[in-house]
Amino acid sequence: MSANNRVVLDSCIDAFKKDNELAGLSDPDTFEIFTNLQITKDNDLDISDIEHSIVDEGKDGGIDSFIILANNEYVYTIEDLADIDFAENSIVKVYISQSKIETTFGEGAFDKLNISMPVILDFEKQGSALSERFNDDLVEKILLFRAVWEKAIIKSCTVRITYSYSCKANEIKINETIESKRKQIIGMTEQHLNGASITFDLYSAKELLGLYRKKKVDSLVLKLKENPVSIKFKNNDYCHIGAVSLKDYHDLIVDAEN
């Protein structure tokens with residue numbers, strides 16, 4: 001089988017490393033930052049956000065990075081929550097990621113998650129109980145997630161939990177055992193987080209290349225049927241009211257690729 005996807009991906013990662021002046025990073029660390037930036041591309045995170053999310057040292061529970069977003073903003077600390085407007089139309093996104101430079105998807109990554117996630121999602125497990133199992137960075141992310149979850153549920157926000165496992169396999173190939181363990185993690189999470197949307201995505205070199213080629217959407221254009229009316233508020237703030245066709249509005253909010 002041709003390994004073209006993997007070869008091209010390595011070239012893209014080398015260019016990414018050079019462009020972002022990451023020469024001092026190891027290959028696994030570079031791959032981790034690269035993959036997480038691709039997976040969260042629509043959220044427009046930067047390298048500093050991804051670096052802050054990394055928890056992969058001893059006692060990491062099989063988790064390499066733990067990303068929490070509220071209204072598309074990266075949440076750094078519990079103190080940040082005071083400035084976030086949680087409302088019924090708010091969306092909370094959580095990415096629990098594993099990034100491995102191996103060329104196959106291994107069962108061990110799923111086994112670790114199946115062991116650690118029930119503890120992480122057991123809200124009765126607090127400080128000392130968590131510290132016995134996990135490193136300080138991960139404990140901080142766990143407690144932050146719980147605080148975000150509580151606010152999201154109180155305000156009836158949409159919550160999306162996305163597990164991901166990225167590696168340098170040329171394409172996705174997993175056996176029935178791995179698929180069973182993947183589904184087990186999804187089911188277990190659904191039991192602990194009632195009402196959340198849970199997915200577990202796999203990324204081989206093929207999928208990562210697809211994400212890498214995908215362009216960020218910097219701005220969207222909405223065509224108005226007539227000139228908008230400006231309304232002035234306090235402090236010289238303005239809003240604009242205008243009419244649009246239903247088709248133009250549909251095209252604005254719907255991703256043509258999905």
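The largest cavity in this predicted model encloses about 40 Å³ of space. The structure holds 1 cavity of 30 Å³ or more, and its lining is made up of Phe66, Ile96, Met117, Ile120, Leu121, Phe145, Ile161, Tyr163, Thr189 and Leu193. Two elements, α4 (107-120) and β4 (158-166), each give two or more residues to that lining. By class, the lining has 9 nonpolar residues and 1 polar one, with no charged residues. If you wonder how such a space is found, rolling a probe the size of a water molecule over the atoms shows where empty space is left.

Phe66, one of the lining residues, takes us to strand β1. This strand spans residues 65-70, and 6 of its 6 residues are buried. In a regular strand the side chains alternate between the two faces of the sheet. In β1, Ser65, Ile67 and Leu69 point one way, while Phe66, Ile68 and Ala70 point the other way, and all of them are buried.

Now let's look at the partners of β1. With strand β3 (residues 91-99) it pairs in the antiparallel sense over 6 bridges, and there Ser65 stands opposite Ser97. With strand β2 (residues 73-74), β1 also runs antiparallel, joined by 2 bridges; Ala70 has Glu73 as its bridge partner in β2. β1 and β2 form a hairpin with 2 residues between them, and Asn71 in the turn has a positive phi of about 55°.

From the strands we can move on to charged side chains. Side chains of opposite charge can pair when their charged atoms come close. The whole structure has 9 salt bridges. In one of them, Asp111 meets Lys181 at 2.8 Å, N to O. Asp111 belongs to helix α4 and Lys181 to helix α7 (residues 176-192), so this pair ties together parts that are 70 residues apart in sequence. Asp111 is partly exposed, with a relative accessible area of 28%, whereas Lys181 is buried at 16%. Glu107 joins them too: Glu107, Asp111 and Lys181 are linked in a network of salt bridges.

Staying in helix α7, you can follow Glu179 to two partners. Its salt bridge with Arg182 has the closest N and O atoms 2.9 Å apart, and these two residues, being 3 residues apart in the helix, are separated by about one helical turn. Glu179 also forms a salt bridge with Lys183, with the closest N and O atoms 3.9 Å apart; here the spacing is 4 residues, about one turn of the helix. As for exposure, Glu179 counts as partly exposed at 21% relative accessibility, Arg182 as buried at 17%, and Lys183 is exposed, with a relative accessible area of 52%.

Notes. Residues numbered from 1 in each chain as written. Predicted model: local features only at pLDDT ≥ 70, side-chain atom pairs only at ≥ 80, totals over all residues. Heavy atoms only, no water. 1 Å grid on protein atoms, 1.4 Å probe; cavity = no way out; pocket = protein on both sides within 12 Å on 5 of 7 lines; lining within 4 Å. Points joined across faces, edges and corners; volume = space filled by probe spheres on them. Nonpolar A, V, L, I, M, F, W, Y, C, P; charged D, E, K, R; others polar. Buried < 20%, exposed > 50% of the residue type's maximum accessible area, 1.4 Å probe, protein only. Pairing = 2+ DSSP bridges. Salt bridge = Lys/Arg side-chain N within 4 Å of Asp/Glu carboxyl O.
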